[in-house]
Amino acid sequence: MKHIFIGSSGSIATRHIRNLKLLRPDASIVTVDIDGKADYTDYRKVDFTDTIAYICTPMELHCDQLEYVYYEDARAIFVEKPLYGARDSTYITSEIIHEDGVPIVCGYNYRHNPLFQSLKSRADSIAYLHFYGSEDLSPKYGPTALGTMASHSIDMALWLLGDPEHCQVADYGAHCFVGIRHKNKASCNITASMHSPFRVASVTAVFASESDKDMLYRNGKSDHDLKWEHYFVEPNDEMYLSEMNQWLEYVEGGSIGNLCGFSEALKVQQVMSGNSK
């Protein structure tokens, strides 16, 4: 079976191709990129029938390429986040939303980071999360703080704390602020900034009993000292390898594991648009 990478010369695609070769040395790989070094320069010239497609291009291209590959009968699709910003609408066609049996996942790779794996095992006792991220990102492809760093944090909040009850988003392009109140009475705040002279990402988690969580949720305070932990978040090669391994197992007939399914990715898009429904 062929694995077709759109945007194959980018840093994410290069990492995925390396891990694919490591995990499946005999895999047939086709590359697509406008740089002239790939097998194709135009993805519309490629036959995607019964292939595994990887969309690793700039964010504003994701939706159009996802729809094209889907309707060209790809067997499975891995699309890098985010879909946000690709269109005025944060939704794709109803056929794709329902997935129609085609495995589609989004590359929210922090699900495979050991730090968040640890927090996941204690998620029921988390009352509050705060994510902070800053990075010096080039505006070449029009990235935003909400569409890049904050989208990972939103996925982590939903993955750890469940569906939102209410959310607020202040998107200023280079800076953004997101607040989420979850149905399980936990809450989360996210602060992200671009064009920083340094790169840093951190998360603070506050742990509480059910009664204290309820007081925090309703009143913003508790009568007891609460346990909190602060971590710096570092991406690593192992989490990308774990993501690729789970993806291959999924398309070969296994479970979705910790991968972000497309319906889950749409919930991230809803929060990013300020809609908690």
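The exercises below, each with a worked solution, deal with a predicted model.

**Exercise 1. The order of the sheet**

Task: Find the order of the strands in the open sheet of 6 strands, and state which are the edge strands.

Solution. Step 1: the order of the open sheet is 7-8-9-6-10-11, and its pairing is mixed. Step 2: strand 7 and strand 11 (227-232) each pair on one side only, which makes them the edge strands. Step 3: on average, neighbouring strands of this sheet are turned by 10° against each other, with direction ignored.

**Exercise 2. From strand 7 to strand 9**

Task: Follow the pairing from strand 7 (residues 164-171) to strand 8 (residues 175-182), and on to strand 9 (residues 187-194). Which residues stand opposite isoleucine 180?

Solution. Step 1: strand 7 and strand 8 run antiparallel and are joined by 7 bridges. Step 2: these two strands form a hairpin with 3 residues between them, and glycine 173 in the turn has a positive phi of about 80°. Step 3: strand 8 also pairs with strand 9, in the antiparallel sense, over 7 bridges. Step 4: the hairpin of strand 8 and strand 9 has 4 residues between the strands, and lysine 185 takes a positive phi near 75° there. Step 5: isoleucine 180 is the bridge partner of cysteine 167, and isoleucine 180 also stands opposite cysteine 188 in strand 9.

**Exercise 3. Strand 6 and the helices on the sheet**

Task: In which sense do strand 6 and strand 9 pair, parallel or antiparallel? Then list what helix 6 and helix 8 touch on the sheet.

Solution. Step 1: the pairing of strand 6 with strand 9 is parallel and has 8 bridges. Step 2: within strand 9, methionine 194 stands opposite glutamate 135. Step 3: helix 6 (residues 210-219) packs on the sheet and touches strand 6, strand 7 and strand 8. The direction of helix 6 makes about 60° with that of strand 6. Step 4: helix 8 (residues 262-272) also packs on the sheet, where it touches strand 7 and strand 8. The angle between the directions of helix 8 and strand 7 is about 55°.

**Exercise 4. Aromatic pairs around phenylalanine 116**

Task: The structure holds 11 aromatic pairs. Classify the pair of tyrosine 110 and phenylalanine 116, and the pair of phenylalanine 116 and phenylalanine 131.

Solution. Step 1: the ring centres of tyrosine 110 and phenylalanine 116 are 5.8 Å apart, with 75° between the planes. Planes over 60 degrees apart count as edge-to-face, and this pair is edge-to-face. Step 2: the rings of phenylalanine 116 and phenylalanine 131 have centres 6.2 Å apart and planes at 35°, so this pair is tilted. Step 3: phenylalanine 116 belongs to helix 4 (residues 114-121) and phenylalanine 131 to strand 6 (residues 126-135), so their pair ties together parts that are 15 residues apart in sequence. Step 4: the relative accessibility of tyrosine 110 is 11%, so tyrosine 110 counts as buried. Phenylalanine 116 is buried at 2%, and phenylalanine 131 is buried at 3%.

**Exercise 5. The cores**

Task: Which residues touch the most other members of the largest nonpolar core, and which helix gives the largest share of this core?

Solution. Step 1: the largest nonpolar core has 62 residues, and those touching the most other members are Phe48, Phe116, Leu129, Phe131 and Ile154. Step 2: helix 5 (residues 146-161) supplies the largest share, 10 residues. Step 3: another core, of 16 residues, lies apart from this one and includes Ile52, Tyr54, Phe78 and Leu248. Step 4: Tyr54 and Phe78 also belong to an aromatic cluster together with Phe5, Trp247 and Tyr250.

**Exercise 6. A glutamate in helix 7**

Task: Is glutamate 243 buried or exposed, and what is in contact with it beyond its neighbours within four places in sequence?

Solution. Step 1: glutamate 243 is found in helix 7 (residues 237-251). Step 2: a residue under 20% relative accessible area is buried; glutamate 243 has 1% relative accessibility, so it counts as buried. Step 3: with those neighbours left aside, glutamate 243 is in contact with His16, Phe78, Gly107, Tyr108, Asn109, His112 and Leu259. Step 4: glycine 257 is 14 residues from glutamate 243 in sequence, and their C-alpha atoms are 9.5 Å apart in space.

How values were computed. Residues are numbered from 1 along each chain as its sequence is written. This is a predicted model: local features need pLDDT of at least 70, side-chain atom pairs count only at pLDDT 80 or more; totals for chains, interfaces and linings use all residues. Side-chain values use heavy atoms; hydrogens and water are left out. Rings of Phe, Tyr and Trp (its six-membered ring) pair if their centres lie within 6.5 Å; planes under 30 degrees apart count as stacked, over 60 as edge-to-face and the rest as tilted. Buried means under 20% relative accessible area, exposed over 50%, partly exposed in between (1.4 Å probe, protein chains only). Two strands pair if DSSP finds at least two bridges between them. A nonpolar core is a set of buried Ala, Val, Leu, Ile, Met, Phe, Trp, Tyr and Cys residues joined through side-chain atoms within 4.5 Å. Axes are lines fitted to C-alpha atoms, for helices over the stretch in contact, and angles run from 0 to 180 degrees between N-to-C directions. Contact means heavy atoms within 4.5 Å.
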